[in-house]
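Subject: Structure for your review

Dear colleague,

Here is the structure I said I would pass on. Please look it over; my notes follow below it.

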Amino acid sequence: MSEREEHVIDDGWAQGELLEVMESWPMQLLVRIGEEDVILEVSPEATITFGEAAGSARDLQPGRQVRVHLEHLKGYPSSRLTHEVEIHPAAEP
Amino acid sequence: MPKDDVAKAEREELEGHAIDSNEEISFDHVEYTWELEADAEEDGCDVATHGGGELEDVPGFESDYALLEGFEPFAADDVDSLEGPVNPCCDDFPMPESVCGRDDRVRITGTTRIPWRLVCKLVMTFKDGARGGCTGWLIGPRTVMTAGHCIYSHSHGGWAEKVEVIPGMNGSSKPFGSQVARWFFSVKGWTKSKKPTHDYGAIILPNDKLGRRLGWFGFAALSNSSLRNLLVNNSGYAGDKPYGTQWFNAGRITHVESRRLKYMIDTAGGHSGSPTWRLRKGQRHGVGIHAYGGCPNASTRITKPVFDNMKRWKYI
């Protein structure tokens with residue numbers, strides 16, 4: 001088991017609208033998931049896809065629909081991070 | 001929207017500027033107000049003060065490009081619009097995050113000079129062990145301004161445990177050393193309500209040695225008319241560049257919103273918290289705290305309530 005797998009707890013996938021891209025390092029995203037505004041950190045090693053193709057951080061633009069694989073750190077249930085972001089190309093800003 | 005609802009929303013916005021901190025501290029009660037009739041300015045300590053909207057003189061930086069990028073004469077309804085149009089400039093170019101159009105960022109190598117030495121690399125550590133990087137800027141003898149999300153991370157459970165502040169970092173060099181801070185301020189609009197319009201905060205250094213030696217930026221709450229098309233400068237520690245290097249860019253404010261300023265100035269992850277400043281007649285005043293990417297990129301605007309809080313934090 002890798003170090004990451006030991007410390008990261010899988011919370012499953014969620015979908016929502018990307019509202020803001022915060023330019024800390026690593027970046028943080030504000031995503032509206034259902035009724036809730038969720039802030040999560042995007043791991044620098046995150047896999048970003050844009051439709052069927054590989055995407056990049058530059059594709060993270062407010063207004064786009066995203067699907068994120070939510071995780072939290074073991075022992076810290078309020079932490080929120082993701083290693084996988086899917087951007088839906090259909091909904092342009 | 002009915003008048004009562006508008007008034008309620010404005011009241012809530014103002015209440016969002018109530019100070020929050022990771023330490024117990026009380027201030028005199030302040031009634032926050034929107035001003036915008038006149039500019040409010042607090043001078044920096046490098047003062048030879050200017051006034052106006054000029055570009056910093058940075059070798060290798062193409063000022064002609066910065067003067068025109070994203071520039072269109074303002075239409076009356078652009079001002080104060082909370083729903084400003086999103087510029088699709090990035091769509092066709094394979095570039096790093098939040099670089100709008102051509103990447104014309106220039107590395108600052110002389111970081112021991114003003115204003116570059118007033119810009120600080122921040123290394124945050126949160127209680128869950130997570131670490132991250134941002135940018136900050138000295139606004140007082142022991143006060144470093146930054147974005148709220150750099151010191152209060154909703155994705156890492158709240159306040160940072162500690163932040164190393166490194167003024168003028170230049171690659172592996174820390175020309176003025178560094179200090180580790182554990183005292184932070186933000187506002188409830190960010191810490192409780194997660195409002196991007198309230199995304200700002202301050203770091204209080206253990207003592208005033210760095211500020212007294214290096215100086216600090218001024219800051220200003222400018223009116224819509226003063227901000228319209230204003231040429232502004234920005235410099236910060238970009239995460240997509242070699243570690244610890246400072247990168248400059250400049251351009252015009254393309255959208256003046258009531259609580260944010262938008263521009264096509266190139267930034268990247270790690271720039272959060274960096275100063276967006278006006279250089280005018282030799283004097284530098286921060287007018288925004290850079291925080292958001294997405295082209296156009298955005299600063300939290302230093303409105304009167306933000307300005308009032310900065311003044312309170314400046315002389316702690």
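I start with the interface between the chains. In this predicted model, 27 residues of chain A are in contact with 31 residues of chain B. On the chain B side, the elements that contribute two or more residues are β5 (131–140), α3 (148–151) and β17 (283–293). Of these, β17(B) supplies the largest share, four residues. By class, the side of chain B that touches chain A holds 17 polar, 11 nonpolar and three charged residues.

β17(B) also pairs across the interface: two bridges join it to strand β1 (residues 8–22) of chain A, and the two strands run antiparallel. In that pairing, A:V21 has B:G293 as its bridge partner. For the complex, the predictor gives an ipTM of 0.87 and a pTM of 0.85.

Next, the domains of chain B. The assignment gives domain 1 as 40–112 + 217–314 and domain 2 as 116–214. Between them, 33 residues of domain 1 of chain B are in contact with 33 residues of domain 2 of chain B. On the domain 1 side, β13 (231–237), β17 and α7 (304–314) of chain B each give two or more residues. The most come from α7(B), with five residues. The classes on this side of domain 1 of chain B are 18 polar, 12 nonpolar and three charged residues. β17(B) therefore needs to be looked at twice, since by the DSSP numbering the strand listed on the side that touches chain A is also listed on the side of domain 1 that touches domain 2.

At the start of chain B is helix α1 (residues 3–15), whose 13 residues should span 18 Å at 1.5 Å a residue; the end C-alpha atoms are 18 Å apart, which agrees. Is α1(B) largely buried or in the open? The number of buried residues among its 13 is one, so α1(B) lies largely in the open.

Last, confidence. The average pLDDT of chain B is 85, and 85% of the residues score at least 70. Two stretches need care. Residues 47–52 of chain B stay under 50 in pLDDT, and the model has 17 contacts for them beyond four places in sequence. Residues 71–96 of chain B are also below 50, with 39 contacts in the model beyond near neighbours in sequence. Where pLDDT is low, the predicted coordinates should not be read in detail.

Regards

Notes. Residues are numbered from 1 along each chain as its sequence is written. Chains are lettered from A and ligands numbered from 1 in the order in which they are written. This is a predicted model: local features need pLDDT of at least 70, side-chain atom pairs count only at pLDDT 80 or more; totals for chains, interfaces and linings use all residues. Two residues are in contact if their C-beta atoms, placed from the backbone, lie within 7 Å. Ala, Val, Leu, Ile, Met, Phe, Trp, Tyr, Cys and Pro count as nonpolar, Asp, Glu, Lys and Arg as charged, and the others, Gly among them, as polar. Two strands pair if DSSP finds at least two bridges between them. pLDDT is the predictor's confidence in each residue, from 0 to 100. Domain bounds come from an automatic or database domain assignment. The expected span of a helix is 1.5 Å times one less than its number of residues. A residue is buried if 20 or more other C-beta atoms lie within 10 Å of its own, exposed if 12 or fewer, and partly exposed in between; C-beta atoms are placed from the backbone.
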